[in-house]
Amino acid sequence: MAGSLLQFLRLVGQLKRVPRTGWVYRNVEKPESVSDHMYRMAIMALVTEDKQLNKDRCIRLALVHDMAECIVGDIAPADNISKEEKHQREEGSVLQAAMKHLTQLLSEDLKKEIYELWEEYEHQSTAEARFVKELDQCEMILQASEYEELEKMPGRLQDFYDSTSGKFNHPEVVQLVSSINMERNTKIAATTSEPHS
């Protein structure tokens with residue numbers, strides 16, 4: 001069992017070295033890893049004040065939702081693969097096989113728990129899974145705003161904002177997205193009003 005657990009931890013540890021593909025395609029310097037993304041999502045779940053949600057479950061969903069990417073990699077819309085292939089690779093049989101391979105390395109109880117969490121997220125079958133999906137997209141635009149700020153290029157990553165438009169419903173996430181957008185729009189306005197020499 002210890003050998004299998006070590007193998008599981010090494011596989012999951014690869015997420016620290018799998019860069020988020022969307023940032024790579026936009027030539028972001030030092031793009032975050034899948035692990036970085038999942039960590040902040042877990043923190044976002046930790047600080048929710050929604051008493052209707054099972055906070056512990058949200059944290060666990062955030063930690064599991066992209067776990068299979070240590071095997072299949074991070075697939076971005078710009079990968080120019082068909083929607084069918086993306087679905088098959090990331091949401092279908094390949095991703096499912098990767099999760100089964102990963103969880104096979106764990107005890108029966110852990111295997112069941114982690115695989116069921118992953119399925120819950122994939123199927124968006126609970127309020128917690130839907131909330132974590134919104135955190136996934138909110139974390140992405142928060143990261144985009146940070147990259148724009150670091151690069152001193154407000155507005156450069158607009159397509160990430162466009163891809164999430166109208167997808168937020170949870171009041172806490174809507175409020176956070178509103179704050180991100182207000183801050184970002186102020187920076188864009190300041191840049192466009194500066195005189196060019």
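Here is a walk through the fold, one helix pairing, the salt bridges and a surface patch of this protein.

Keep in mind that you're looking at a predicted model. The overall make-up is easy to state: the protein has 11 helices and 0 strands. Reading from the N terminus, the order of elements is simply α-α-α-α-α-α-α-α-α-α-α. The chain has 197 residues, and 42% of them count as buried. As for how the chain comes back on itself, take the contacts between residues at least 6 apart in sequence: 67% of those join residues at least 24 apart. On the outside, about 11,200 Å² is exposed, with carbon and sulfur atoms supplying 54% of that area.

Now for a helix pairing. Find α4, which spans 55-64, and then α8, which covers residues 108-123. Their axes sit 9 Å apart and the two helices pack at an angle of about 90 degrees. Angles of 65 to 115 degrees count as roughly perpendicular, so that is the label for α4 against α8. On the α4 side, the contact is made by Arg57, Arg60, Leu61 and Val64. Facing them from α8 are Glu113, Ile114, Leu117, Trp118, Glu120 and Tyr121.

While you're on α8, have a look at residue 108, where the helix starts. Glu108 forms a salt bridge with Lys111, and the closest N and O atoms are 3.2 Å apart. Both residues belong to α8 and are 3 residues apart, about one turn of the helix. Their surroundings contrast, though. Glu108 has 55% relative accessibility, so it counts as exposed. Lys111 comes in at 18%, which means it counts as buried, the cut-off for buried being under 20%.

That pair is one of the salt bridges here; the structure holds 14. Another one sits in α11, the helix made of residues 171-193. There, the side chains of Lys187 and Glu183 meet at 3.7 Å, N to O. These two are 4 residues apart in α11, so about one helical turn separates them. Lys187 is partly exposed, with a relative accessible area of 31%, and Glu183 counts as partly exposed too, at 47%.

Which parts of the chain does the salt bridge between Arg40 and Glu146 tie together? The closest N and O atoms of Arg40 and Glu146 are 2.8 Å apart. Arg40 lies in α3 and Glu146 in α9 (residues 127-150), so the bridge ties together parts that are 106 residues apart in sequence. Glu146 has a relative accessible area of 29%, so this residue is partly exposed. There is also a salt-bridge network, which links Arg20, Glu32 and Asp66.

Let's finish on the surface, going back to the region around α3, which runs 34-46. Tyr39, Ile43, Leu46 and Val47 together make a nonpolar surface patch of about 390 Å². Val47 is found in the loop between α3 and α4. Its relative accessibility is 54%, so Val47 counts as exposed. From this loop you can follow the chain into α4 at residue 55, and from there return to the roughly perpendicular packing of α4 and α8.

Notes: Residues are numbered from 1 along each chain as its sequence is written. This is a predicted model: local features need pLDDT of at least 70, side-chain atom pairs count only at pLDDT 80 or more; totals for chains, interfaces and linings use all residues. Side-chain values use heavy atoms; hydrogens and water are left out. Patches are made of residues with over 30% relative accessible area and no salt bridge: like charges are joined within 9 Å, nonpolar side chains (Val, Leu, Ile, Met, Phe, Trp, Tyr) within 5 Å. Accessible areas come from the Shrake-Rupley method with a 1.4 Å probe; for residues, only the protein chains shown count as cover. A salt bridge is a side-chain nitrogen of Lys or Arg within 4 Å of a carboxyl oxygen of Asp or Glu. Buried means under 20% relative accessible area, exposed over 50%, partly exposed in between (1.4 Å probe, protein chains only). Axes are lines fitted to C-alpha atoms, for helices over the stretch in contact, and angles run from 0 to 180 degrees between N-to-C directions. Angles under 35 degrees count as roughly parallel, over 145 as roughly antiparallel, 65 to 115 as roughly perpendicular and the rest as oblique. Contact means heavy atoms within 4.5 Å.
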